[in-house]
Amino acid sequence: MKTAAREKSSAGSARPGSTGETLVRGGTVFTAADSFPADILIRGEKIAAIGERLTPGAAAGVVDAKGLEIYPGGVDVHTHFELPFMGTVSADDFESGTIAAACGGTTTIIDFVIPSKGGSLLDALAAWRKKAEGKAVVDYGFHMALVEMNADVAAEFPKLIRAGVTSFKCFMAYKGAFMMDDDQLLETLGLAKKHGGLVSVHAENGDMLTHLMKHLLAAGKTGPEYHPVAHPAEAEGEAVHRAVALAQMAQAPLYIVHLSCREALAEVKAARCRGQLVLAETCPQYLLLDDELYRKNGFEAAKWVMSPPLRDKAGQEQLWQGLRDGFIQGVATDHCSFRFQGQKDMGQSAFTKIPNGIPAVGDRVSLLYTYGVGKKRLNRNQFAAVIAANPAKIFGLYPQKGTIAVGSDADLVLFDPKKKGRVSKDNTHHNVDYSAFEGFALEGLPVLVMSRGRIIAKDDEFLGRKGCGRFIKRKGFDAQDWS
Ligand code: URP
Ligand code: ZN
Ligand code: ZN
């Protein structure tokens with residue numbers, strides 16, 4: 001991701017002691033709820049004790065965390081590694097994608113299984129598990145995308161939940177490919193309610209988008225600058241409104257993925273204020289990048305073609321406010337990377353052929369720290385909440401993941417709040433030829449990242465082992481956390 005020169009941090013020895021114990025000594029711990037100076041004793045894969053001046057066994061390894069902030073390992077609940085999509089396959093696989101995640105301070109990801117129509121969901125899950133096994137270097141789970149609804153899909157629903165896949169994504173966009181209609185959405189919401197799952201939606205009105213695309217192309221408006229014109233905020237606001245109404249009717253909780261604009265946020269707020277259980281994530285790109293990028297850059301604008309698209313700058317502060325107010329609970333990346341040369345340029349003749357998505361999984365934590373904590377938009381506990389605790393709670397990983405507590409997995413990010421860097425394609429771990437956040441200055445970088453007690457990254461260098469990530473069976477959705 002970031003530092004041009006890899007200056008070494010002082011954070012100490014890279015191996016647990018011979019007893020399998022490691023003491024992380026002298027840092028300041030930040031969780032979503034607390035901030036306190038403490039030593040952390042790790043035994044095996046778990047946190048065994050937290051306290052001041054802990055005395056480890058003589059053979060324990062010691063990590064010096066003096067002057068460092070310690071956060072729970074980041075949890076990114078929205079990635080697309082090795083995804084077949086729009087005539088190509090996303091460029092990061094489970095190895096490069098999770099190495100980027102690890103070096104950037106993320107120790108758990110949840111990716112999306114996208115089954116084909118007519119196929120078994122459990123078979124699709126097996127195929128996605130095969131892509132990840134032996135490659136992923138951080139722990140991972142899966143959401144199941146639903147691209148149709150029928151008796152076979154319904155029959156597999158409880159089996160998926162038992163397999164630890166407890167969340168289901170429905171697309172209200174991508175007409176003719178993944179899009180579901182309202183009847184199918186209602187059916188899905190009912191099933192999720194019955195079996196204890198959580199439905200998430202890609203909320204854009206697919207008919208509106210298809211209509212706009214058709215007219216733009218017919219008028220010869222084929223460049224990437226027309227992608228946002230074909231994906232207006234009204235289409236997102238309308239879809240969120242409709243999804244909320246459907247969830248209300250089904251009496252089911254609802255999660256909005258990659259919320260990008262004030263229109264969508266207003267619908268979420270209104271629903272929450274009425275007492276409805278609607279949760280949402282946004283992404284670093286919607287908080288930090290804006291639609292000027294489409295106007296200035298000729299075909300290079302294709303680098304930022306994603307759905308929903310970037311919005312106007314004025315809306316960004318409202319998204320930050322939404323995070324502070326708790327109407328948006330988490331920041332995920334929607335990492336779906338494509339090389340500019342050879343993939344994004346498949347859409348030279350028409351913006352509708354540009355594979356949608358950007359690389360971001362390695363950049364999320366430091367961007368949020370620099371532009372959230374550093375700019376006083378979030379305090380450190382809110383930062384821990386939005387990058388780790390809330391996503392872990394929403395998706396059935398908490399308290400195994402998302403916090404620093406006795407008994408939790410020892411997934412830790414030791415953060416140097418003063419260390420500076422810059423996001424650049426020249427030092428990215430993403431398997432692409434550009435960075436969506438090129439040139440963004442960073443202040444506050446992870447200097448040591450631990451996954452289940454093992455150091456997997458130090459000073460932006462990957463120190464883990466290919467395949468050391470583990471599939472995590474997630475619990476069902478717990479409404480009590482949010483009522
Ligand atoms: O542009 C995006 N978001 N690509 C990934 C697929 C999706 O819609 O999440
Ligand atoms: Zn989506
Ligand atoms: Zn996505």
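How many residue pairs are in polar contact between domain 1 and domain 2? Good morning, everyone. The count is 18 residue pairs, both partners at pLDDT 80 or more. Before I go on, please keep in mind that this is a predicted model.

Let me start with the domains. The assignment gives domain 1 as residues 21-72 plus 401-462, and domain 2 as residues 74-395. Taken over C-alpha atoms, the centres of domain 1 and domain 2 are separated by 27 Å. Domain 1 brings 41 residues to the contact, and domain 2 brings 51.

Now the surface between them. About 3700 Å² is buried between domain 1 and domain 2, and carbon and sulfur atoms give 64% of that area. Which three residues supply more than any other three of the area that domain 1 buries against domain 2? They are His430, Tyr434 and Phe437, with 20%.

The rule also finds 3 salt bridges across the interface of domain 1 and domain 2. Elements that each supply at least two residues to the side of domain 1 touching domain 2 include strand E5 (69-72), E16 and E17. On that side of domain 1, E17 gives the largest share, with 8 residues.

While we are around here, have a look at lysine 425. You will find lysine 425 in the loop between strand E16 (412-422) and strand E17 (441-451). Lysine 425 counts as partly exposed because its relative accessibility is 41%. Beyond its neighbours within four places in sequence, lysine 425 is in contact with Asp433, Tyr434, Ser435 and Glu438. The side chain of lysine 425 also makes a polar contact of 3.1 Å with the side chain of aspartate 426. Glutamine 382, by contrast, is 43 residues from lysine 425 in sequence and 29 Å from it in space, C-alpha to C-alpha.

Next stop, the metals. What coordinates the zinc ion (ligand 2)? The donors are Lys169 through NZ, His202 through ND1 and His258 through NE2, at 2.2 to 2.6 Å. Along the chain, the donors of this zinc ion (ligand 2) follow the spacing K-x32-H-x55-H. The zinc ion (ligand 2) and the zinc ion (ligand 3) are 3.7 Å apart. Lysine 169 and histidine 258 link distant parts of the chain, 89 residues apart: lysine 169 is in strand E11 (residues 167-171), and histidine 258 is in the loop between strand E13 (254-256) and helix H8 (262-273). Lysine 169 and histidine 258 are both buried.

Helix H8 also holds glutamate 263. Is glutamate 263 buried or partly exposed? Its relative accessibility is 30%, so glutamate 263 counts as partly exposed. Leaving out residues up to four places away in sequence, glutamate 263 touches Ala233 and Gly237. Alanine 233 is 30 residues from glutamate 263 along the chain, yet their C-alpha atoms are separated by 6.5 Å.

Let me finish with charge pairs. As a reminder, side chains of opposite charge can pair when their charged atoms come close. A search of the whole structure finds 25 salt bridges, and I have picked three to show you.

The first joins arginine 242 to glutamate 238, with the closest N and O atoms 2.9 Å apart. Both residues lie in helix H7 (residues 233-250), 4 residues apart, or about one turn of the helix. Glutamate 238 counts as partly exposed because its relative accessibility is 28%.

The second pairs aspartate 290 with lysine 313, where the closest N and O atoms are 3.9 Å apart. Aspartate 290 lies in the loop between helix H9 (284-288) and helix H10 (292-296), and lysine 313 in the loop between H10 and helix H11 (314-325), so this pair ties together parts that are 23 residues apart in sequence. Aspartate 290 counts as buried because its relative accessibility is 13%, whereas lysine 313 is exposed, with a relative accessible area of 54%.

The third is between the side chains of lysine 419 and aspartate 459, at 3.2 Å, N to O. Here lysine 419 is in strand E16 and aspartate 459 in the loop between E18 and E19, and the two are 40 residues apart. Both lysine 419 and aspartate 459 are buried.

One last item on this topic: salt bridges that share partners join Glu45, Lys46, Asp139, Lys401, Asp409, Asp411, Arg452 and Arg470 into one network. Thanks for listening!

Notes: Residues numbered from 1 in each chain as written. Chains lettered and ligands numbered in written order. Predicted model: local features only at pLDDT ≥ 70, side-chain atom pairs only at ≥ 80, totals over all residues. Heavy atoms only, no water. Donors = N, O, S within 2.8 Å, 3.2 Å for Na, K, Ca; no water. Buried < 20%, exposed > 50% of the residue type's maximum accessible area, 1.4 Å probe, protein only. Contact = heavy atoms within 4.5 Å. Polar contact = N/O pair within 3.5 Å; in protein donor to acceptor, adjacent residues only side chain to side chain. Domains from an automatic or database assignment. Buried area = accessible area lost by both parts, 1.4 Å probe. Salt bridge = Lys/Arg side-chain N within 4 Å of Asp/Glu carboxyl O.
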